[in-house]
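Colleague: Before I use these labels in my notes, I would like to hear what stands behind them. Could you take me through a few?

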Amino acid sequence: MSITAQEQNLGRKVIYQIYPKSFYDSNGDGIGDLQGIIAKIPYLKKLNIDMIWFNPFFVSPQNDNGYDIADYYQVDPLFGTMADFEELAQKLSALNISIMLDMVFNHCSTSHPWFQKALAGDPKYRAYFYIRPPKQDGTAPTNWQSKFGGSAWGKFGTSSDYYLHLYDPTQADLDWHNPDVRQEAAKIVNFWRKKGVKGFRFDVINVTGKQTILRDSTDPLQEKKLYTDTPVVHTYLKELNQASFGQDPEIVTVGEMSSTTVANSIAYTQPQNHELSMAFTFHHLKVDYQNGNKWQTVPFDFMKLKKLLFEWQHELDLHGGWNALFWNNHDQPRALNRFGDVHKYREKSAEMLALALHLLRGTPFIYQGEELGMTDPTYSKISSYHDIETRNAYHELLQAGYPAQKAFKAVSLKSRDNSRTPMQWTAAKYAGFSQVKPWLLPSNQATINVAHELADGEIFAFYQKLIKLRKTEDIIAGGHFEALFATHPQVFAYRRFLEEEQLIVLANFYGKETVVKLPPALRGTFKLLLANYPIPSYSAVPAQIKLRPYEALAFKLIL
């Protein structure tokens, strides 16, 4: 059974994401830290993951929870010391768990020495940023809007100039046209490589491709195209690859790609292009947006979800690109609340989502707490949220005339803080995360926590089985993809195939029974690999299968 080097390396890996601020507080300040992660290494080993992606723990004012970096070379004292990091790296390496660090290179904090030197008038560092004069009428250089609301331009010190910040005003966009900026990025990657880091995740890396001459947009959709996913991004990535991580074939890289395309993601990840290992894309997590608006409360569009996942799977398989597979991360509300039933079928819908995703072609990511079936918090007031995007959106909705209750409901459903609540270790007041009030409060740890899950739960054990399958079954690591039952209104199904082997996956996305009628080509002798319900003792795959609420199963046809 032959699979490619890409599939052998990436197809067998499972990556776990830790949000350090919310994983475990070892020193009683209400904030997670590196020593806290060290204390929980036995738990991570039990899951049998291969690599951990850590959200930034570098020196930062924390205006955007660490994505506003003021020093790329130092651990923020909030999280510990460099000695703590080195201890963490050594202890994980001893268990064959690698580290992936988050590189935020589209922008840096306005507290960073680069920006401070630019403010002081140093021409070298002014050229690190998009600093532009105002229009003739004195207004901002363009009409671009920040992702967090308001203008994307801020006044540059006491001068008449402006600087570009596509995100928070304290996150100044770096000008990648400047070779000095690109060299700084490679230097940072190489510094952490020498510390033993084997993975790098590049935050919104395809937003670096802005033009030298910036122009007004004509509408919000067209605006993104002015600075996102442009051809020069490929040039930048090839250069960064050659100057840093590409020198080590073992290193795994993933690019967070904002509003990308299938074609570009193929190009970013084809091994022969020497850019990145895989692409992290969000199209499938926008199927509960109304006309692209995140803050509208509408049910998810299942048929759109299927179409998107099928298209990306098929095209990247066909052309040798590679997908990062995920339902959850630190920027998204919990998928279980969006696509499952957290009240009647929490366990079954959590397992269904896991099976449907983990047997696809690509590298699966598990976000902390997902393996427990953690859900969104049940906050009742806007002050419970810390996320700047959430608070800004709430006030914008109020200004647009929304009643307070409706505005709160909208942001509470989609807030990034929904996934950032502390990891729930026990049923204690602060979820066993801390002995003091944490920076963000848990809300349902009495029923969902690690201690209970390991003793009596079923979700964690289900994830263990999925991870084992990926490591042992070539067809999961490297098989090709074919969509099945594309028009079925409830069932997400596909076939993986590799030489003579076939794997069939069926997943019911709803809380009511449904039936799948299997064509003769998908029937016959089979081996059940995994299911989240006990299934009847078939002697062979029947002509039709009844799927219970949120039921999912995977079987191999034996030819």
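**Labels and their grounds**

Modeller: Helices α10 and α11 are oblique to each other. The model is a predicted one.

Colleague: What makes α10 and α11 oblique?

Modeller: Helix α10 (residues 262-269) packs against helix α11 (residues 302-319) at an angle of about 40°. Angles under 35 degrees count as roughly parallel, and 65 to 115 as roughly perpendicular. The value fits neither range, so the pair is called oblique. The axes are 10 Å apart, and the crossing of α10 past α11 is right-handed.

Colleague: Which residues make the contact?

Modeller: From α10 they are V262, S265, I266 and T269, and from α11 they are E311, W312, E315, L316 and H319. By class, this contact has 4 nonpolar, 3 polar and 2 charged residues.

Colleague: Why is I545 called buried?

Modeller: Its relative accessibility is 5%, and buried means under 20%. I545 therefore counts as buried. This residue lies in strand β21 (residues 544-547). Leaving out residues up to four places away in sequence, I545 touches L506, T514, V515, V516, L518 and F555.

Colleague: How do you know that β8 and β9 pair?

Modeller: Pairing needs at least two bridges, and 3 bridges join β8 to strand β9 (residues 162-164), running antiparallel. Y163 in β9 is the bridge partner of G154.

Colleague: What makes β7 and β8 edge strands?

Modeller: The open sheet has 3 strands in the order β7-β9-β8, with antiparallel pairing. β7 (131-132) and β8 (153-155) each have a single partner strand, so one side of each is left without a neighbour in the sheet.

Conventions. Residues are numbered from 1 along each chain as its sequence is written. This is a predicted model: local features need pLDDT of at least 70, side-chain atom pairs count only at pLDDT 80 or more; totals for chains, interfaces and linings use all residues. Side-chain values use heavy atoms; hydrogens and water are left out. Helices (H or I, at least four residues) and strands (E, at least two) are DSSP runs, numbered from the N terminus. Buried means under 20% relative accessible area, exposed over 50%, partly exposed in between (1.4 Å probe, protein chains only). Contact means heavy atoms within 4.5 Å. Axes are lines fitted to C-alpha atoms, for helices over the stretch in contact, and angles run from 0 to 180 degrees between N-to-C directions. Angles under 35 degrees count as roughly parallel, over 145 as roughly antiparallel, 65 to 115 as roughly perpendicular and the rest as oblique. A crossing is left-handed if the near helix is turned anticlockwise from the far one by less than a right angle, and right-handed if clockwise. Ala, Val, Leu, Ile, Met, Phe, Trp, Tyr, Cys and Pro count as nonpolar, Asp, Glu, Lys and Arg as charged, and the others, Gly among them, as polar.
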